Amino acid sequence: MATRRIAVVSAGLSNPSSTRMLADRLAAETVKALAAHDLDASVDVIELRDYAHDITNNLLTGFAPPALETAINTVVSADALIAVTPIFSTSYNGLFKSFIDVLDPDALTGKPVLIGANAGTARHSLAIDYAIRPLFAYLHAEAVSTGVFAASSDWGGAGDDVAPLAKRVEKGARELAEAIARRETAAVADPYDPATYLGEGRSFGHMLGGLAGE
């Protein structure tokens, strides 16, 4: 059985960052949940801070530098996406949105997405539902129902006792794994493969034969 590929986008600005910590936990738990479905998974992590200048250049010129193009292709061709952003001024940060802006508007159509966010206090937890989820809905991605928010207190001993971070991560990862298991492995069309534009199992001979018969 083909290995499922998960792209993880982390929009943290510092190194190390709590955004990356949350992204890593979500990815690890998703791989674990997929194993329960007898599915192997590989994980590619994209730290957007490493592509900040390239993203800006892409926005200004309309062309993605090679490194950014590789990162975009990793996201677009993955079977699922884990997207994690810090919350700035009640919404996703500018780096996260700028990366989304350089993607083709249809690139995430139908792709399962697990949304994660972090901020200093739990007051920003609603940003997942009023800011980030509508963004992925606009892109026709299939965000799982559970979004995982982590406040600074969740990394210490004063976190949510009713729904601790570990339980929220486990629930979100389980939902993403279920969405991946229901979906066939993403296939990337090869523009040089005749099947891409002639149809599966057809060749130039079929096309020429059809023309000869007209």
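Here a biologist and a modeller talk through a predicted model, one question at a time.

Biologist: Let's start with the strands. Which strand is joined to strand 1 by 7 bridges, and do the two run parallel or antiparallel?

Modeller: Strand 1 covers residues 4-10, and its 7 bridges lead to residues 41-47. Those residues form strand 2, and the two strands run parallel.

Biologist: Can we zoom in on one pair? Which residue in strand 2 is the bridge partner of Val-9?

Modeller: Take strand 1, residues 4-10, which holds Val-9. Look across to strand 2, and the bridge partner there is Ile-46.

Biologist: What unit do strand 1, helix 1 and strand 2 make, and is it right-handed or left-handed?

Modeller: Follow the chain from strand 1 into helix 1, residues 18-35, and on to strand 2. Together these elements make a β-α-β unit, and its hand is right-handed.

Biologist: Now the loops on either side of helix 1. Which residue is joined to Asn-15 by a cis peptide bond, and where does Pro-16 lie?

Modeller: The cis bond shows in omega, which is about 0° between Asn-15 and its partner, Pro-16. As for its place, Pro-16 sits in the loop between strand 1 and helix 1.

Biologist: And which residue has a positive phi although it is not a glycine?

Modeller: Go to the loop between helix 1 and strand 2. A residue there has a phi of about 60° without being a glycine, and that residue is Asp-38.

Biologist: On to the helix pairs. Why is helix 1 oblique to helix 6?

Modeller: The axes of helix 1 and helix 6, residues 165-182, come within 8 Å and cross at roughly 50°. An angle from 35 to 65 degrees is neither roughly parallel nor roughly perpendicular. So helix 1 counts as oblique to helix 6 because of its crossing angle, roughly 50°.

Biologist: How many nonpolar residues are in the contact of helix 1 with helix 6?

Modeller: Helix 1 brings residues including Leu-22, Leu-26 and Ala-33, while helix 6 brings others, among them Val-169, Ala-173 and Ile-180. Sorted by class, the contact has 4 charged residues, 1 polar residue and, for the class you asked about, 11 nonpolar.

Biologist: Last one: is the crossing of helix 2 and helix 4 left-handed or right-handed?

Modeller: Helix 2, residues 52-61, packs against helix 4, residues 94-102, at about 50°, with the axes 10 Å apart. Among the residues that meet are Ile-55 and Leu-59 in helix 2 and Leu-95 and Phe-99 in helix 4. The hand of this crossing is left-handed.

Definitions and conventions: Residues numbered from 1 in each chain as written. Predicted model: local features only at pLDDT ≥ 70, side-chain atom pairs only at ≥ 80, totals over all residues. Heavy atoms only, no water. Pairing = 2+ DSSP bridges. Helix = DSSP H or I, 4+ residues; strand = E, 2+ residues; numbered from the N terminus. Right-handed = clockwise from strand over helix to strand, strands pointing away. Axes fitted to C-alpha atoms, helices over the stretch in contact; angles between N-to-C directions. Left-handed = near helix turned anticlockwise from the far one by under 90°. Contact = heavy atoms within 4.5 Å. Parallel < 35°, antiparallel > 145°, perpendicular 65-115°, else oblique. Nonpolar A, V, L, I, M, F, W, Y, C, P; charged D, E, K, R; others polar.
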